[in-house]
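Here are my notes from going through this one with you in mind. Have the viewer open while you read, and jump around as you like.

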Amino acid sequence: MTALSRRSFLATAAGAAALTAAGGALAGCSSGDDGKVHLELFQFKSEAIALFDTICADFNAANPDVVVTQNFQADNITALRARLVKGSVPDLITINGDYAYGALARTGIFADFTDSGLLDGVNPTMAGILNTLGTGAEGQTNGLAFADNGSGIIYNKDVFESAGVEPPTTWAELIEVCQALQAQGINPFYWATKDNWTGAPAFSSLSGSFLTDGVAAWYGRRRVIDGRTSFRELSPVFEKMLQAYQYGNDDKAALGYNDGNQGFAQGKGAMYWHGTYAIPAIRSYNPDINLGTFATPADDKADTKVVSGVDVAFTMGKDPAHPEESQRFLKHIMSEANMSAYCAQQTAYPTLTTLRADDPALEGLQPYVDDERLATYSDHNFPQAITLNAYLQQYLFNGDLEALIQTLDTQWDKVVTRINETS
């Protein structure tokens with residue numbers, strides 16, 4: 001998926017406006033025969049459909065003049081782009097905080113929540129992650145961070161305890177733990193890299209600590225195609241990925257993500273390099289597994305950060321048909337009760353500073369959240385036209401660092417130059 005340029009978006013918007021003038025029904029909301037304002041909640045989390053239905057029902061009961069109805073869309077970005085082409089912006093939108101969000105935000109289609117009051121009490125670092133991906137204009141915040149994940153290393157506490165090892169705080173200590181586990185016949189990591197995206201968590205969590213000036217700042221420099229910045233600067237990150245990949249199960253290249261969740265749940269490895277999003281899937285195979293997490297350690301523990309992404313954000317169009325009713329629902333959804341319910345169900349970190357994740361598996365990353373020692377996902381800065389996951393997978397399989405660097409530099413320059421020329 002390539003970025004939607006502002007030029008192409010404005011052309012689309014002009015066509016939609018013409019259709020509206022001709023009598024086309026494009027609005028995502030309506031006033032029904034019942035005299036109520038009907039709003040659409042465009043929602044992409046399949047595992048949370050029932051919860052969002054409950055939240056909508058609670059809101060509707062407390063607000064008899066409004067009816068909010070959930071519209072689940074699994075491939076929400078494709079569906080949302082199709083809606084934009086028709087000039088039909090949903091009233092209320094849930095979206096993942098990744099490259100696609102930033103590309104859409106930069107077109108200026110989303111509302112600015114800076115002075116709305118809806119950001120009051122939201123962790124500033126978590127709120128700011130969305131801004132690093134893209135905004136409609138300088139100083140804007142175009143989404144409300146609702147639930148965050150953390151990307152570190154998941155570990156089996158019982159395996160660690162029986163092996164007599166502790167969660168490491170530096171990279172050297174991590175390798176020592178791997179060697180100690182391996183000496184006892186335990187797979188240090190349980191890898192499952194048949195699905196090409198499964199190498200990205202290691203890349204992002206290592207990058208978050210390595211890029212001490214900030215992930216977004218580095219990619220901002222890399223987007224200037226002048227030959228001064230190269231992916232060669234990330235060589236230490238790639239080298240550590242490959243080093244850790246050697247400590248694990250022999251069948252790693254033949255296993256997919258679901259296989260990895262199941263095998264780790266069965267105790268086939270001590271550590272699993274994924275974000276907190278994997279915890280519900282692991283527990284689905286073994287509800288009693290004793291899980292913990294720790295931050296991917298840097299060479300110097302003072303540099304260690306937890307990579308955190310906005311798993312769910314809320315937004316709306318910049319010119320909503322019913323702004324008061326839409327903001328009323330957003331205030332409802334951002335309440336402590338609703339955020340707590342979602343994060344408890346989905347093993348996520350709440351963004352309100354008054355709340356803490358209460359799942360024991362998240363305790364190891366919580367201090368980094370509390371201290372705002374967070375970094376954004378490196379892979380969220382890649383346009384989807386650059387098949388990063390495939391390149392990382394190939395590198396893990398063949399170990400050819402030079403080929404990886406040359407491929408990333410070539411593909412990045414080609415794609416980003418095209419995006420820069422059309423923006």
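The points below go through a helix pair, a strand and a few loop residues.

1. First, a reminder about what we're looking at: this is a predicted model. Numbering starts from 1 along each chain as its sequence is written.

2. Let's start with α16 and α17. Helix α16 covers residues 388–398 and helix α17 covers residues 401–422; they pack at an angle of about 170°, and their axes are 9 Å apart. Angles over 145 degrees count as roughly antiparallel, so that is the label this pair gets.

3. What do the two helices use to meet? From α16 come Leu388, Tyr391, Leu392 and Tyr395, and from α17 come Leu401, Leu404, Thr407, Leu408 and Gln411. Sorted by type, the residues of this contact are 7 nonpolar and 2 polar, with no charged ones.

4. How does the length of α17 compare with what its 22 residues should span? At 1.5 Å a residue the expectation is 32 Å, and the end C-alpha atoms are 32 Å apart, so the two agree. At the N-terminal end of α17, Asp400 acts as a cap, with a side-chain oxygen 3.4 Å from the backbone nitrogen of Glu402.

5. Staying with α17, its buried residues are Leu401, Leu404, Ile405, Leu408, Asp409, Gln411, Trp412, Val415, Val416 and Ile419. Which helices do they pack against? The partners are α4 (99–106), α9 (215–222), α10 (235–245) and α16. Note that Leu401, Leu404, Leu408 and Gln411 are among the α17 residues that meet α16, and they are also on the buried list.

6. Now strand β9, residues 306–315, where you'll find Ser308. Ser308 is buried, with a relative accessible area of 3%. Its side chain makes a polar contact of 3.1 Å with the side chain of Asp148. Leaving aside neighbours within four places in sequence, Ser308 is in contact with Ile129, Asp148, Asn149, Leu374, Ala375, Thr376 and Tyr377.

7. Thr315 is in β9 as well. Buried or exposed? Thr315 is buried, at a relative accessible area of 0%. The side chain of Thr315 reaches the backbone oxygen of Asn142 at 2.7 Å. Not counting residues up to four places away in sequence, Thr315 touches Asp91, Leu92, Ile93, Phe110, Ala111, Phe113, Asn142 and Gly143.

8. On to the loops, beginning with Val165, which lies between α6 (157–163) and α7 (171–183). Val165 is buried, with a relative accessible area of 10%. Setting aside neighbours within four places in sequence, its contacts are Phe160, Val177, Ala180 and Leu181. Ala270 is 105 residues away along the chain, yet the C-alpha atoms of Val165 and Ala270 are separated by 10 Å.

9. Last, two backbone angles to look at. Thr347 has a positive phi of about 50° although it is not a glycine; it lies in the loop between α14 (336–346) and β10 (349–350). Glu372, also not a glycine, has a positive phi of about 60° and sits in the loop between α15 (366–370) and β11 (374–375). As for accessibility, Thr347 is buried at 6%, whereas Glu372 counts as partly exposed at 34%.

How values were computed
Predicted model: local features only at pLDDT ≥ 70, side-chain atom pairs only at ≥ 80, totals over all residues. Heavy atoms only, no water. Axes fitted to C-alpha atoms, helices over the stretch in contact; angles between N-to-C directions. Helix = DSSP H or I, 4+ residues; strand = E, 2+ residues; numbered from the N terminus. Parallel < 35°, antiparallel > 145°, perpendicular 65-115°, else oblique. Contact = heavy atoms within 4.5 Å. Nonpolar A, V, L, I, M, F, W, Y, C, P; charged D, E, K, R; others polar. Buried < 20%, exposed > 50% of the residue type's maximum accessible area, 1.4 Å probe, protein only. Polar contact = N/O pair within 3.5 Å; in protein donor to acceptor, adjacent residues only side chain to side chain. Expected span 1.5 Å × (residues − 1).
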